[in-house]
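Visitor: I have a structure to look at and would like to learn how to read its features. Could you walk me through it?

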Amino acid sequence: MRGVIAPDHQKAAAKTVSESPAATTSRNRARWARHEAIPNRSHISSEPTRKNLIWWQVVTTPPMITWIVTTIAILVALAPVTRERLSRFAELTGLTVTSADARRIIDHFAERRRWRLITLVPAVPLVLLTDDPFYLVLGWCAVSVLCHARQPALQTEIYRTTWQLSLAGSLAVCAYFVVDREFTAEVLARTTAVLAVALAVRYLTHEPAPRPPAGASPAELAIGHWSTRSLYLAGTAIVLSGALLTPGQAPERILPEYTLPKSVPDGTAAFTTARKLTAPTCALNDLLDDPCQSWQVNGEPFPQAAPYISRKGKAPTKPPFARSQNRKAVVYLGRRDRRMVYQDAENIRPLTGPLADAAVPTATFARQNRYVALVKEGARIIDTQTWTTVSIPGVRRVHDLSLGGLVATTPAGVLVLDHRGRTRMRLPARKLGKNFVGDTYHLSPDGRRLVIVRGLMRVETYDSSTGTRVSSVEPEFGDEYLAAGLGWTEKGRFLVRDTSDRVHALDLRTGRLRKRS
């Protein structure tokens, strides 16, 4: 690659260097404004961020705490009812446990243990999938609501007041999230759970406390009091966690250190052989200097080619950039003048006038070196040796070009034309289903025969002067299948490739194959 800068560009560069700091700052602000107006323009690789997210999901603080607490909760729920737990219950309730009451108390706590395991079954997967500890609190405390339905609702004012204040605060926080922030599925789930618990607690405690039944044992009264206390505390824990706890958040992406914008070189790049073409991957990013902002030829910037085109109502797309079969010439859309340009090692020649992005045609050499086809609601065939141009209206795609003519398709069918634009053969269009492979067309170098590969199964040969089908064969590849037609050799043999990438010479009359590689 070599770069040449014209005198006009040198003047522009000198003007840029002589600008005042205020002008430079103004220009940078304008670039920032353009950058913020177009989302997802950064070309920065997402691979480090993806690795950081995987690491965060496994070992960073919020998920790790969630995993540890979830494990502890499961182990505690699996623990059997112990003598220490019964002694603590008796101490807190002031109950003197007799042998007759012991069985009743053990059954009460065993039932709660069973229900807690049941409620943790759906809660634990939700916690591990969402990293949201709210579901763990909900699963752990819901048992107090479910089991309370079987106990008398004895009133305990301090717990009732705590519950009411917590409910009011939680509903206020939920209302704030619903009104002033984005209403997400997470907010909906939390709000629904808070309202459900509030209604359940209200339903279970709205009636006055019943009088103890005649003959009720001290153990039953103690269990009723304990159940009411647990109901209020569990409801308070659920509504507060719904308002205050948040899922673990991934770390924000760390942006690279900002550097002053640098423009893509305005020089005109040249080449002898275009061995490798690389399309721009960050064409819209003008804040960071990077080769991905422009086309590259042989690994070097090719700044004279437009990096993208914009069409109304559509996202920016790559403009046409075609290369001849011998890799000695390319056709592209000019970055500055918006013309289609032909370039080889010796010269640069515009092929069109300035074009709007919506009028940019597709360009193709169609497996040869001499002719260029520009297609956009019709085709223009340009001979790069004589620079004569032939216009063919109605053409949607040019499939093959050779010294003998060209093959093109229109909405009505397939045409074989000479280089003066005169139709030599016409075939009707073939309708194909969604999952069918389209036909491919290959014109012989002398223009006398047209080979059509039909759906990667059948190969048909036509006499292009009369439109008569000369032969139709289905090559047999053994365990493989026909993958593509490759065209003609200099000796007039037609080549095909099978699904194992082996190339064969095909006898178009008999369908016999001769392996080449």
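Visitor: Let's begin with helices that touch. Which residues in H9 meet H10?

Guide: To read such a pairing, list the residues on each side. This is a predicted model, and in it the H9 side consists of Arg190, Val194, Val197, Val201, Leu204 and Thr205. On the H10 side they meet Leu231, Tyr232, Gly235, Ile238, Val239, Ser241 and Gly242.

Visitor: How do these residues divide into nonpolar, polar and charged?

Guide: The contact of H9 with H10 has eight nonpolar residues, four polar ones and one charged.

Visitor: And how are H9 and H10 oriented, roughly parallel or roughly antiparallel?

Guide: Look at the angle between the axes, where anything over 145 degrees counts as roughly antiparallel. Helix H9 covers residues 185-205 and helix H10 covers residues 218-244; their axes cross at roughly 160° and come within 9 Å. The two helices are therefore roughly antiparallel to each other. As for handedness, the crossing of H9 past H10 is left-handed.

Visitor: Arg190 caught my eye in that list. Is Arg190 buried or exposed?

Guide: For that, turn to the relative accessible area, where under 20% means buried. Arg190, which is found in helix H9, has a value of 6%, so it is buried.

Visitor: Which residue far along the chain can I use to place Arg190 in space?

Guide: Try Ala243. Arg190 and Ala243 are 53 residues apart along the chain, yet 7.8 Å separates their C-alpha atoms. Thr191, also in helix H9, can be read in the same way. Its C-alpha atom is 7.4 Å from that of Gly242, with their positions 51 residues apart along the chain. Thr191 counts as buried because its relative accessibility is 17%.

Visitor: What about H5 and H10: at what angle do their axes cross?

Guide: Use the axis angle again. Helix H5, residues 83-93, crosses H10 at roughly 90°, and the axes come within 11 Å. That makes H5 roughly perpendicular to H10.

Visitor: Which residues in H5 meet H10?

Guide: They are Arg88, Phe89, Leu92 and Thr93, and they meet Ala222, Ile223 and Trp226 in H10. By class, this contact of H5 with H10 has five nonpolar residues, one polar and one charged.

Visitor: Now to the backbone. What should I look for in phi values?

Guide: Most residues other than glycine have a negative phi. A positive value in such a residue is therefore worth a second look when you read a backbone.

Visitor: What is the phi of Ala366?

Guide: Phi of Ala366 is near 50°, a positive value in a residue other than glycine. Ala366 is placed in the loop between strand S10 (362-364) and strand S11 (371-375). With 8% relative accessibility, Ala366 counts as buried.

Visitor: And where does Trp387 lie?

Guide: Trp387 lies in the loop between strand S12 (379-383) and strand S13 (389-392). Although Trp387 is not a glycine, it has a positive phi of about 60°. The relative accessible area of Trp387 is 24%, so this residue is partly exposed.

Visitor: Where is Arg493 placed?

Guide: Look for the loop between strand S22 (482-488) and strand S23 (494-498). Arg493 counts as partly exposed, at 35% relative accessibility. From C-alpha to C-alpha, Arg493 and Asp507 are 7.7 Å apart in space, and they are 14 residues apart in sequence.

Visitor: Could we read a residue inside a strand, too? Which strand holds Ala270?

Guide: Ala270 belongs to strand S2, residues 268-270. At 17% relative accessibility, Ala270 counts as buried. Ala270 and Glu300 are 30 residues apart in sequence, while their C-alpha atoms are 9.9 Å apart in space.

Visitor: Stepping back to the whole chain, how many helices and strands does it have?

Guide: There are 10 helices and 25 strands. The chain has 517 residues, and 39% of them count as buried.

Visitor: What share of the contacts joins residues at least 24 apart?

Guide: Start from contacts between residues at least 6 apart in sequence; 52% of these join residues at least 24 apart.

Visitor: Finally, how much of the accessible surface belongs to carbon and sulfur atoms?

Guide: The accessible surface of the chain comes to about 30200 Å², and 56% of that belongs to carbon and sulfur atoms.

Methods:
Residues numbered from 1 in each chain as written. Predicted model: local features only at pLDDT ≥ 70, side-chain atom pairs only at ≥ 80, totals over all residues. Heavy atoms only, no water. Axes fitted to C-alpha atoms, helices over the stretch in contact; angles between N-to-C directions. Helix = DSSP H or I, 4+ residues; strand = E, 2+ residues; numbered from the N terminus. Parallel < 35°, antiparallel > 145°, perpendicular 65-115°, else oblique. Left-handed = near helix turned anticlockwise from the far one by under 90°. Contact = heavy atoms within 4.5 Å. Nonpolar A, V, L, I, M, F, W, Y, C, P; charged D, E, K, R; others polar. Buried < 20%, exposed > 50% of the residue type's maximum accessible area, 1.4 Å probe, protein only. Areas by Shrake-Rupley, 256 points an atom, 1.4 Å probe, with all protein chains shown as cover.
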